[in-house]
Amino acid sequence: MFLFFSLINRSHSISLCPSRMSAFPHSSVIPHLSISVMSAKAISEQTGKEFLYKHICTSAAVQNRFRYANVAAETDFERLAQEHPWLLTERLVVKPDQLIKRRGKLGLVGVNLDLNGVREWLKSRLMRETTVGKAKGVLKNFLIEPFVPHKQEEEFYVCIYATREGDYVLFHHEGGVDVGDVDAKAKKLLIGVDEKISEDSVKKELLTHIPNDKKVILASFIVGLFNLYEDLFFTYLEINPLVVTKDGVYVLDMAAKIDATADYICKSKWGDVEFPPPFGREAYPEEAYIADLDAKSGASLKLTLLNPRGRIWTMVAGGGASVVYSDTICDLGGVNELANYGEYSGAPSEQQTYDYAKTILSLMTREKHPDGKVLIIGGSIANFTNVAATFKGIVRAIRDYQVPLKEHEVTIFVRRGGPNYQEGLRVMGEVGKTTGIPIHVFGTETHMTAIVGMALGHRPIPNQPPVAAHTANFLLNSSGSTSTPASSRTASFSENRAKVEDSPAKKNKTGAPIGDVPLPAAKSTSLFSKHTKSIVWGMQTRAVQGMLDFDYVCSREEPSVAAMVYPFTGDHKQKYYWGHKEILIPVYKNMSDAMKKHPDVDVLISFASLRSAYDSTMETMQYPQIHTIAIIAEGIPEAHTRKIIKAADEKGVTIIGPATVGGIKPGCFKIGNTGGMLDNILASKLYRPGSVAYVSRSGGMSNELNNIISRTTDGVFEGVAIGGDRYATVFLFALLNGTEEYKIGQAIEQGRITKPVVCWCIGTCATMFSSEVQFGHAGACANQASETAVAKNMALKEAGAFVPKSFDELGELINSVYDDLVAKGVIQPAVEMPPPTVPMDYSWARELGLIRKPASFMTSICDERGQELIYAGMPITEVFKSEIGLGGTLGLLWFQRRSLAKISSPVSPLGDRFGGALDAAAKQFSKAFDSGMLPMEFVNKMKKDGKLIMGIGHRVKSINNPDMRVQILKDFVKQHFPSTQLMDYALDVEKITTSKKPNLILNVDGFIGVAFVDLLRNCGGFTRDEADEFVEIGALNGIFVLGRSMGFIGHYLDQKRLKQGLYRHPWDDISYVLPEHMSM
């Protein structure tokens, strides 16, 4: 059975070659989920033309460069005319610049006017509401350009857009408002990935109906336009009409989208780009606030207001899940009352979740609704987010808003799963009891979207839902033994191995698939087995430990991770657990060394960042031993993804991703964080194979499928989350490029897929919204009727697939199909076998409150546990503000008194918390600044060179929890230093690094390093050469030595004062790396 679970996506979903479906030789049902991403963003016409005029390289004479003026409600026309004198001398065109299509047809273009005529024309339109299609919106932003007199035969149409196989150039010799169906009329030229466009090919393929006198001009312009499109990472660029006269080329109307993920590459050419909202949807300040939070966070926070007066509000964890909840609300008739779309995911902190939740609660308690309101706090099963931790932020917000929530008669429905979700649900239930707000709480025992039916009154609310076991219970040996019995361990390795590996469930030898004539089986292909070995790129200790724990409960003989690659350190070994004992896994600086020393590895799991994922993936494919690469990073530019796919296709390498959580083959192998933590793996029975295979594009939703399948069938045979990027792919079935979901239907009809297929395309809500909604990680995009989820579901059902009425009924349908197969003897459910037990990690047990540990060390002079460092009971901000100087600080550290003489110093009171990156930070930032590198270019270069940026990053502090020492020093330096050029440069670098990970801040070391360079260079006491020499010889680290010495003396005196004896570190906290024959 094959479950195919898909979210609508414009012709770029997974491609299947159905004849290779034997990749799942023992599975009986297969699901697939397909989603597109939000990287391609529309830009205004003014921005698009600015890019074109600045950067196009062509021999064609492009006219009217930079001759445009922007008009809004606050525009002063006298000043506008002074800034653009041509407005007073030329005939003009005026039109709204708000992503509106077919403006000419809608009467929204004023032509051949003078400036007074433009002002008169705008009176009836500027700040007036108008309807475009189903969308109503206010016309706020207009563009004025010179009017270009021309003939109809001088108008042309040109468009470039990206597809999986390359970029299509469309050209039609008739342009303008009546161009009609260009897809049917236009000439097309495909420029494949990594191929170059030429004027000869353009003339031959596109310009067959063009007079010879214009062919040369048009060919040069189109080639220049395509090169611009590639260089600036456009994904769509349309000009209609493009006018060619005897004077040159005029770009009259233009629409464009760029790949926003390429910002780190194109920053120097793009500058700061604003992405306007779709017409018909206002840009609310709350949306901007959440977008700013998102930009400062490594997590994902999204909010779109659809109907602020609606009664149905959502707060959903996960991109795919957020779309599924919106679908279900719309399917159950709630589309007109759905107030918002949004999602929070990627392990946001308690503070970030609080800020997100309070924004939604504030919005929903501004206007009362006669029927009261509902808040749906939903989500799929998290992979690694601590649900209880994120719920703390939501609980704080509910407590803060309890009075307005009760006044507005708000009822809250909660459903969540994942690490520590039981504690999160308990806390959520408690806050309902203490505040008097009706809160209904459900866990993984309840179908993900069941709370929607409850909230909308379509299904009853259970009085006492079943309570799932505590997270810890899954990890405890039911026999009470603290170790895995040797006999069962041996049995699971030898006696049962063949049975588990060869077949997850017994098959009826003569049973044919339902309703199909048996076809000859294609050659079986499989990516993973019990003997698969992998290399992990990146220092992802949690993911690696999760893989090893999975290996152990699957009774693998050896770990699936052979080595790690991490370019930022030298070769070394990293500690991990294999069951109850510690093992060492080698870490290599260079990939070539890892490959040479581990020739049995054929899988690479890449946790490289979006900036380095492309280069590291292309490097990996140079090694023939690698057959599969999983790319975890999201936000890789689409052009790079297509190049990866092309190279992989040529070399026969399977690519899973990008933007994937990975994949899992129960009983054999799992990629990274797939399947979540061990408790979820055990609860979903992923330690042994079942009879259902699935393909998904969302990590959270793949976990939800694991849960649904384990509760409705005998479990998962194999599952892959192919990733959220538009061109993400997995060549699991010898894929054909460019295949849509309709190919699945065709394969079923043609008998090439012989297994029962359960399908669901999510994104059915998209057709119900009046304006375009930018979905999050699981954003859906459909430009014609055949591309909508509704059309795809209908086509798949007509082809013979099993399609539920909504996601709400997916589990019931899977169960029905599975039960039918079991009843007919096609499959026999797999026999359960208890897996070996794995001890819980100390840090996780402590977080769950299951253990306590006596402290090994006492101190009374400093405390770094909270939000702020404390010296002898005095917060570090107080140390600075009170200006006690070096002497006072020494008094605190040494004698717990402000007793020593005051010695003024703005820097030295950092004591024992001072780090040692001063010199390196000063040198790196100085060199980059002096060479004229942009901050983005500096970050990219350091990443490419495999070097850490010294002075960037903090273990505890982040952009959302700033280090007050840095803040106080920053204020001091800004106030007293003559120049802060290097500090400002470093703060610009911080903006870039914190946009990907919130703790990559400019830390104390880095700040002091750059501030001292500014001081040395600009204080007047040193020449530039002398200042640079002091930095070069390491003078700044003298401050480091001073601070450490102060702290060390302080701790020595403190231990004497506390009457502490000789300190002996606990031996069980030490890994003894001894020769193997000497190990205990």
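This passage describes the fold of one protein chain, beginning with overall values and then turning to a sheet, several aromatic rings and two helices.

The model is predicted, and its protein chain contains 35 helices and 37 strands. Of the 1080 residues in the chain, 56% count as buried, while the surface that the chain exposes comes to about 46100 Å², with carbon and sulfur atoms supplying 52% of that area. When contacts between residues at least 6 apart in sequence are considered, 76% of them join residues that are at least 24 apart.

One part of the fold that can be followed strand by strand is an open sheet of four strands, arranged in the order β3-β8-β4-β5 and with antiparallel pairing. The edges of this sheet are formed by β3 (69-71) and β5 (110-113), each of which pairs on one side only, and the twist from one strand to the next averages 25°. In general, the strands of a sheet pair through backbone hydrogen bonds, and this pairing may be either parallel or antiparallel.

Within this sheet, strand β4 (residues 92-96) is joined by five bridges to strand β8 (residues 142-146), and the two strands run antiparallel. Two residues of β4 illustrate this pairing, since K95 has L143 as its bridge partner in β8, and V93 stands opposite E145 of β8. Strand β4 is also joined to β5, in this case by two bridges and again with the strands running antiparallel, and here V94 stands opposite G110 of β5.

The surroundings of β4 can be read from its side chains, of which L92, V94 and P96 point one way from the strand, whereas V93 and K95 point the other way, and all are buried. Because five of the five residues of β4 are buried, this strand is largely enclosed by the rest of the structure. A helix also contributes to the surroundings of the sheet: α1 (residues 45-55) packs on the sheet and touches β3, β4 and β8, and the direction of this helix makes about 40° with that of β8.

Aromatic rings offer a second view of how parts of the chain meet, and a search of the whole structure finds 16 aromatic pairs. One of these is formed by F925 and F938, whose rings are tilted with respect to each other, at 5.5 Å centre to centre and with 55° between the planes. F925 lies in helix α29 (residues 918-930) and F938 in helix α30 (residues 935-944), so this pair ties together parts that are 13 residues apart in sequence. Both F925 and F938 are buried.

F938 also forms an aromatic pair with Y985, and this pair is likewise tilted, at 6.4 Å centre to centre and with 40° between the planes. The pair of F938 in helix α30 and Y985 in helix α32 (residues 981-994) links distant parts of the chain, the two residues being 47 residues apart. F938 counts as buried because its relative accessibility is 3%, and Y985 is buried as well, with a relative accessible area of 6%.

Elsewhere, ring pairs link F51, F226, Y229 and F234 into a cluster. Rings are also found beneath the side chains of charged residues, as K41 lies over the face of F275 at 5.1 Å from the ring centre, and R396 lies over the face of Y354 at 4.0 Å from the ring centre.

Two further helices show how buried residues are placed in this model. In helix α19 (residues 613-620), the residues A613, Y614, S616, T617 and T620 are buried. These buried residues of α19 pack against both strands and helices, namely the strands β22 (534-537), β26 (603-606), β27 (628-631) and β28 (654-656), together with the helices α18 (591-597) and α20 (638-651).

The second example is I1008, which has its place in helix α33 (residues 1004-1018). I1008 is buried, with a relative accessible area of 1%. Along the chain, I1008 and G951 are 57 residues apart, yet their C-alpha atoms are separated by 9.0 Å.

Key. Residues numbered from 1 in each chain as written. Predicted model: local features only at pLDDT ≥ 70, side-chain atom pairs only at ≥ 80, totals over all residues. Heavy atoms only, no water. Buried < 20%, exposed > 50% of the residue type's maximum accessible area, 1.4 Å probe, protein only. Contact = heavy atoms within 4.5 Å. Areas by Shrake-Rupley, 256 points an atom, 1.4 Å probe, with all protein chains shown as cover. Phe/Tyr/Trp six-rings, centres within 6.5 Å; stacked < 30°, edge-to-face > 60°. Lys NZ or Arg CZ within 6 Å of the ring centre and 35° of its normal. Pairing = 2+ DSSP bridges. Axes fitted to C-alpha atoms, helices over the stretch in contact; angles between N-to-C directions.
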